Every structure is written in structure tokens, then in C-alpha cells.
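Here is a short tour for a newcomer. Keep the structure in view and follow each stop in turn.

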Amino acid sequence: MLDIDGMSAGEIADIVSRMSTADKIATLELLDAREKRVSMSQLFRMYPDETTVHPDGSKFHARGLYQKHLEFFRAGHDYRERCLMAANRIGKTFGCGGYETALHLTGLYPDNWEGRRFDQPIKAWAAGKTNETTRDIVQPVLLGEVKADGSRKSVSGTGMVPGWLLGQPTWKAGVTDLVDTIKVKHASGGLSMLGLKSYQQGRGSFEGTSQHVIWGDEEPPIDVYGEMLIRTATTDGIVMITFTPLEGISDTVMQFLPKDEAAL
């Protein structure tokens with residue numbers, strides 16, 4: 001069976017041209033199925049050239065209307081540390097942190113992507129404030145809802161990471177329905193690894209392994225943030241945090257304020 005996920009149209013056409021008639025028919029059926037599932041995937045609907053309303057009623061506004069979001073993505077090309085500190089309900093979690101994390105895990109960058117790129121599979125963490133907020137907010141954004149698959153649990157794959165690229169998750173002990181780790185197929189052919197964490201676990205839980213990408217949803221304590229940076233040092237990785245500064249001018253907030261503002 002031809003594995004067409006992650007292949008370019010030119011690569012597919014070259015292979016198909018050398019197939020038998022029966023194999024060509026089977027491959028066309030695969031392409032049709034992929035086209036249908038791509039059209040339903042959150043990842044491929046984001047930031048279209050023009051505002052688009054899909055048959056299911058979902059509406060995605062034109063990319064040009066999100067200049068701050070695009071600026072955040074572009075900054076990742078040059079900076080290892082980024083913070084999107086903004087108001088509630090403007091797409092910090094879904095449209096920025098979740099979207100970019102999914103791109104790095106899969107390698108399925110859009111042609112107009114101007115931010116950081118990883119050409120090989122990555123190791124990534126996504127973290128929330130508590131185990132419960134990681135499970136109820138971060139996890140659904142990336143992986144979809146928890147579902148029963150016969151006698152074992154799985155995830156629906158209706159989040160930012162396309163479901164057909166997800167492996168079987170492992171589950172965190174002591175927290176109902178919270179994914180611990182899950183493998184994600186990368187466009188290069190290898191497997192990325194995503195781990196879900198929470199600041200509630202403390203700085204010590206962020207020690208140990210090197211990571212390429214760490215996304216923190218909501219504001220991390222300064223000691224946890226410092227550990228995030230250490231984890232990405234040897235990989236030349238990136239750390240991005242998305243939050244509303246509900247705790248005021250904290251030590252973490254001050255890391256990203258201009259010096260003249262931080263001194264006030």
C-alpha cells in the first residue's frame with residue numbers, strides 16, 4: 001500500500017506513472033480519501049487566503065486579518081523565546097500555540113509559513129497550568145476528545161494534529177483521561193513525540209530530557225519557565241508561551257516587557 005501522507009503531488013505523480021492499472025485505481029482512491037480528510041482537518045483550514053465557510057458551517061477568516069498572529073509566527077524564525085501576552089478569546093491557544101505546535105510535530109507547514117521550521121521529527125512538550133487544564137484545554141486543541149476504542153482508550157484526532165498521523169497514546173497515572181505521551185507521524189517519514197505536562201507538577205518534572213519545542217498555555221512560574229529554556233538549549237529549540245497576564249507584573253511577565261516598562 002502506497003503511503004501518501006507527507007508526499008508532494010510531484011512525488012505521487014512520478015510513482016503513479018510507473019504503476020499497473022489496478023494499482024493506479026487503488027492509489028486514486030487513496031488520494032480521494034486523503035482529500036476528504038484534509039478538508040475536514042483543523043490544521044489545513046487555518047489562515048486561508050480568503051475568508052472561507054465550509055459545508056459544516058465552520059468559518060475561517062482570511063490570513064491577512066490576523067497580523068499579530070502572523071507576527072508571532074514570524075518571530076519564531078529569529079527568536080528562541082516568544083510570548084503572546086494578550087486578552088482572552090483572541091485565539092492564543094487554538095490559533096497560535098496549538099496551531100504552531102501541530103505544524104512542528106507534523107512538518108506539514110503551509111507554503112506561506114515564515115516562522116521556524118523543523119525538517120525532521122521533533123520532541124515536544126505542551127503544558128497547562130494544572131493537570132486538569134492541560135487535559136481539558138491543551139489536549140483537546142491538539143488531539144481532540146478522549147474516546148473509547150473497543151477495550152482501550154484513544155483520542156478522536158479532531159484537534160490540530162490530523163487524526164491519521166496519531167499513534168496510540170500512553171496515559172498519565174493518577175489523572176483520568178490525561179495523555180502522557182503520543183507519537184505523531186512527521187512529513188519526513190519519522191515519528192515526533194509529544195508529551196503533555198503541567199506547571200502543577202513543579203520544576204522538577206521539566207528536568208531531564210532535551211526538547212525541540214515547548215508550548216506553555218497560560219503563564220508558567222519563573223522557575224518552570226527557566227527549566228523550559230534549559231530543555232531547548234542543546235537542540236536550538238524554541239519556547240513559546242501564550243497567556244493573559246491575570247497575575248499582574250509577575251517575574252515571568254517582566255521577562256518580556258521592554259526594559260523601560262519593566263522598570264516602572
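The paragraphs below move from a sheet to a hairpin, then to a bent helix and a pocket. The model is predicted.

Start with the sheet. Seven strands make up an open sheet, and the pairing among them is mixed. Read across, the order is S3-S11-S10-S4-S9-S8-S7. Which strands stand at the edges? They are S3 and S7, the latter covering residues 170-171. Each has a single partner strand, so one side of each is left without a neighbour in the sheet. Strands of a sheet pair through backbone hydrogen bonds, and the pairing can be parallel or antiparallel.

Now look inside the sheet. S4 covers residues 123-128 and S9 covers residues 191-198. These two strands run parallel, joined by six bridges. To find your place, look for Ala124, which stands opposite Leu194 in S9.

Next comes a hairpin. S5 (residues 146-149) pairs with S6 (residues 152-155) over four bridges. Here the sense is antiparallel. One bridge links Ala148 to Lys153 in S6. Two residues lie between the strands of this hairpin. In the turn, Gly150 has a positive phi of about 70 degrees.

Step back along the chain to H6, residues 131-143. A straight helix of 13 residues would span 18 Å at 1.5 Å a residue. H6 spans only 16 Å between its end C-alpha atoms. Where does H6 bend? The bend is at Ile137, by about 25 degrees. A proline, Pro140, follows within four residues. Many residues of this helix can be checked for burial. Among the buried ones in H6 are Asn131, Thr134 and Val138. The run from Gln139 through Pro140, Val141 and Leu142 to Leu143 is buried too. After H6 comes Gly144, with a positive phi near 90 degrees.

Finish at the second largest pocket. How much space lies in it? The volume is about 490 Å³. The second largest pocket is lined by 17 residues, and the closest to its centre are Glu71, Phe72, Ala75, Cys83 and Leu84. Two elements, helix H4 (67-75) and strand S3 (81-85), each supply at least two lining residues. H4 gives the largest share, six residues. By type, the lining divides into eleven nonpolar residues, five charged and one polar. S3 thus links two stops of the tour: this strand stands at an edge of the sheet, and S3 also supplies part of the pocket lining.

Methods
Residues are numbered from 1 along each chain as its sequence is written. This is a predicted model: local features need pLDDT of at least 70, side-chain atom pairs count only at pLDDT 80 or more; totals for chains, interfaces and linings use all residues. Side-chain values use heavy atoms; hydrogens and water are left out. On a 1 Å grid over the protein atoms alone, a cavity is a set of points where a 1.4 Å probe fits but cannot get out, and a pocket is an open set with protein on both sides within 12 Å along at least five of seven lines; lining residues have an atom within 4 Å of a point. Grid points are joined across faces, edges and corners, and a volume is the space filled by probe spheres set on the points. Ala, Val, Leu, Ile, Met, Phe, Trp, Tyr, Cys and Pro count as nonpolar, Asp, Glu, Lys and Arg as charged, and the others, Gly among them, as polar. The expected span of a helix is 1.5 Å times one less than its number of residues. The bend at a residue is the angle between axes fitted to the seven residues ending there and the seven starting there. Buried means under 20% relative accessible area, exposed over 50%, partly exposed in between (1.4 Å probe, protein chains only). Two strands pair if DSSP finds at least two bridges between them.
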